Amino acid sequence: MRDEVAAVAIKLFAEHGFDSVTTAQIAAEAGISPRSFFRYFPTKEDVVLGSLTDSGTRVRDALAARPVDESAWVALGQAMHVLIDRPVYPSEDLEVIARIILETPSIRARDQEKYQQWEDLLAPGVAQRLGSTRDSSVVGVDDRARAMVGAACACLRISTELWLRSTGAEDPALIFDELLLSLRT
């Protein structure tokens with residue numbers, strides 16, 4: 001039922017815009033009470049971002065599964081491919097969701113919070129791959145790991161923007177890989 005309510009909401013968002021749709025409208029269209037809507041989603045924003053927050057766990061698990069001899073940057077980039085290769089939402093909803101995230105200020109702010117949560121979640125695995133290399137007195141291994149995760153998240157966000165700009169014509173995985181590679185050189 002949660003997926004059905006989300007599908008109805010996404011359809012309404014696509015037709016009327018995120019800010020114009022109320023939770024009461026979503027509930028009515030889905031054939032449930034507004035109270036039932038809130039059992040599935042604490043807020044309207046969670047229809048869009050709820051599953052994306054959990055995606056950090058998918059990346060963390062994919063990072064842990066990467067070969068141990070792979071560099072931290074390569075392993076992180078490959079682990080993030082789980083989000084591109086196996087998206088949370090059905091492919092027909094991806095463009096709508098991406099546009100909502102990028103064009104709605106309240107959602108965009110929550111999306112940034114998600115990336116900060118991912119830094120906390122992913123940085124320990126990246127730091128482990130960096131090992132005990134000697135750092136400056138100011139920048140430690142954990143700091144470098146957080147910076148790497150932040151940079152990879154920025155590549156993911158920008159690759160989504162570029163994919164939308166291409167109206168879906170470009171391959172988001174190739175865009176992401178090109179951005180990652182540009183930071184290595």
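The following questions and answers look at the cores, cysteines and aromatic rings of a predicted model.

Me: Which helix gives the most residues to the largest nonpolar core, and how many does it give?
Reply: The largest nonpolar core holds 36 residues, and among its members Leu76, Met80, Trp118, Val126 and Leu156 touch the most other members. Two or more residues come from each of helix H4 (45-65), helix H5 (72-85), helix H6 (91-103), helix H7 (105-130), helix H8 (141-165) and helix H9 (172-184). Of these contributors, the one that gives the most is H8, with 10 residues.

Me: Which residues is Val126 in contact with, once its neighbours within four places in sequence are left aside?
Reply: Val126 is one of the residues that touch the most other members of the largest nonpolar core. With its neighbours within four places in sequence left aside, the residues in contact with Val126 are Leu63, Ala72, Leu76, Ala145, Met148 and Val149.

Me: How many residues does the second, separate core have?
Reply: Besides the largest nonpolar core, which has 36 residues, there is a second one that is separate from it. Val5, Ile26, Ala27 and Ile107 are included in this second core, and its size is 22 residues.

Me: How many disulfides does the model have?
Reply: A disulfide is a covalent bond between the sulfur atoms of two cysteines. For Cys153, the closest cysteine sulfur is in Cys155, at 9.3 Å, and because a disulfide needs the two sulfur atoms within 2.5 Å, this is too far for a bond. Looking from the other side, the closest cysteine sulfur to that of Cys155 is in Cys153, again at 9.3 Å and too far for a bond. The count of disulfides is therefore 0.

Me: Is Cys155 buried or exposed?
Reply: A residue counts as buried when its relative accessible area is under 20%. The relative accessible area of Cys155 is 5%, so Cys155 is buried.

Me: What kind of aromatic pair do Phe13 and Phe18 form?
Reply: The whole structure has 4 aromatic pairs, and one of them joins Phe13 and Phe18. Phe13 is buried at a relative accessible area of 3%, and Phe18 is buried at 5%. Their ring centres are 4.8 Å apart with 55 degrees between the planes, and the pair is tilted.

Me: What is the relative accessibility of Phe38, the partner of Phe37 in an aromatic pair?
Reply: Phe37 and Phe38 form an edge-to-face pair, at 5.2 Å centre to centre and with 90 degrees between the planes, and together with Phe41 they form one aromatic cluster. Phe37 counts as buried, at 0% relative accessibility. Phe38, by contrast, counts as partly exposed, and its relative accessibility is 42%.

Me: Which residue lies over the face of Phe18?
Reply: Phe18, which is buried, takes part in an aromatic pair with Phe13. At 4.3 Å from the ring centre of Phe18, the residue lying over its face is Lys44.

Me: How far apart in space are Trp163 and Ala98, C-alpha to C-alpha?
Reply: Trp163 is found in helix H8 and counts as buried at 16% relative accessibility. Not counting residues up to four places away in sequence, Trp163 touches Leu94, Glu95, Ala98, Gly168, Glu170, Pro172 and Ile175. Although Trp163 and Ala98 are 65 residues apart in sequence, their C-alpha to C-alpha separation in space is 9.6 Å.

Note on methods
Residues numbered from 1 in each chain as written. Predicted model: local features only at pLDDT ≥ 70, side-chain atom pairs only at ≥ 80, totals over all residues. Heavy atoms only, no water. Core = buried A, V, L, I, M, F, W, Y, C linked by side-chain atoms within 4.5 Å. Buried < 20%, exposed > 50% of the residue type's maximum accessible area, 1.4 Å probe, protein only. Helix = DSSP H or I, 4+ residues; strand = E, 2+ residues; numbered from the N terminus. Contact = heavy atoms within 4.5 Å. Phe/Tyr/Trp six-rings, centres within 6.5 Å; stacked < 30°, edge-to-face > 60°. Lys NZ or Arg CZ within 6 Å of the ring centre and 35° of its normal.
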